[in-house]
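Trainee: I've got the coordinates loaded and want to talk through the cysteines and a sheet. Can you help me read them?

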Amino acid sequence: MEYWGFVEACETLSLPASTEYLVFSEYDCYRTSQTHWCKLKAARKYTENDVCTLPYLFLRYARHLDLLKLIYLGLQICACPPGEKAQCSVRKLRDCAVSLEGHPGRRKALQAIQYIQNNSGSPMESRLYMHLCLPNFLGGCGFPKAVLNKPVQVDSKQYYLDLYFPDTRLGIEYDSFEYHNNSRSFSQDNLRDAKLRTAGYRLIHVKPGQLTDLEAFQDLAVNISRQLKKPIVIRTTKFFEPFKEIFHFFQPTGYAPITVFDVPQFRGADGAYKEYLGSFHS
């Protein structure tokens with residue numbers, strides 16, 4: 001993963017720091033702790049310059065990561081900030097998993113791929129996408145799939161929307177401290193927003209604090225649901241644990257972790273939560 005430039009993903013997901021070796025012949029395998037023997041000879045084509053390609057790495061990690069972490073890993077592998085070229089795509093992930101029938105973790109990989117989108121612009125955009133667009137049983141709000149880094153042409157200028165819901169022409173913009181915390185950026189953002197709104201697009205800006213404070217996030221999610229005309233209704237007890245896991249992605253040092261007792265104030269959450277608590281006493 002470090003070879004392909006995904007150091008941040010390694011750290012976030014606590015992936016092993018040691019180098020691992022993969023061989024395709026049992027005669028070449030020395031059975032050391034860092035060597036893995038793959039019986040599927042078809043996997044050879046998913047190596048490049050004697051290194052596992054990203055689609056094959058994703059399939060290999062599917063055996064060890066839980067579903068949410070695997071979705072996040074896929075979003076980052078298929079990330080493509082504006083102006084850059086993507087190293088991988090959802091289609092390549094799927095083609096690899098489909099072709100290597102019998103590989104450990106294949107079923108989980110194919111399940112995760114259903115929820116992965118191309119072109120995430122940053123780790124926080126990936127996390128925001130997971131919060132908003134994953135189904136309830138995976139801890140998300142259940143909104144329709146958003147297009148990530150959607151190019152939009154206004155007059156002769158092309159803009160990119162971090163998350164875009166085409167049915168309602170709603171764009172969600174994540175304003176990081178790094179790129180949006182100075183007067184020049186503020187002025188440019190205002191001009192950009194004015195042009196986009198004149199062209200018929202609606203915009204909601206997300207501040208970093210709205211992804212670290214539970215109450216602020218709830219207000220944001222409710223606001224987006226009103227714009228999408230898609231109410232958030234929690235109907236499953238499986239919502240709470242994955243919601244907590246997503247919320248803890250990238251939390252800065254010093255922030256108190258939330259627990260399953262911190263129930264999001266979404267419609268249906270109280271009833272689902274009582275049923276969730278009841279499952280521990282049955």
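Trainee: Let's begin with Cys-133: why is there no bond to the closest cysteine sulfur?

Mentor: In general, a disulfide covalently joins the sulfur atoms of two cysteines. The cut-off here is a pair of cysteine sulfur atoms within 2.5 Å. For Cys-133 the closest cysteine sulfur, in Cys-141, sits 8.7 Å away, so that's too far for a bond. Bear in mind this is a predicted model: local features need pLDDT of at least 70, side-chain atom pairs pLDDT 80 or more, while totals for chains, interfaces and linings use all residues. Numbering starts from 1 along each chain as its sequence is written, and side-chain values use heavy atoms, without hydrogens or water.

Trainee: What about Cys-80, and how many disulfides does the rule give?

Mentor: The closest cysteine sulfur to Cys-80 is in Cys-78, 10 Å off, so again too far. The count is 0 disulfides.

Trainee: Is Cys-133 buried or exposed?

Mentor: Buried, at 8% relative accessibility (buried is under 20% relative accessible area, exposed over 50%, partly exposed in between, with a 1.4 Å probe on protein chains only). Cys-80 is buried too, at 12%. Helix 6, residues 123-133, has 10 of its 11 residues buried, including Cys-133 (helices are DSSP runs of H or I, at least four residues; strands are E, at least two; both numbered from the N terminus).

Trainee: And which order do the strands of the open sheet follow?

Mentor: The order is 5-6-7-8, with mixed pairing (a pair needs at least two DSSP bridges). Strands 5 and 8 each have a single partner strand, so one side of each lacks a neighbour in the sheet. Strands 7 and 8 pair in the parallel sense over 5 bridges, and Gly-171 has Leu-203 as its bridge partner in strand 8.
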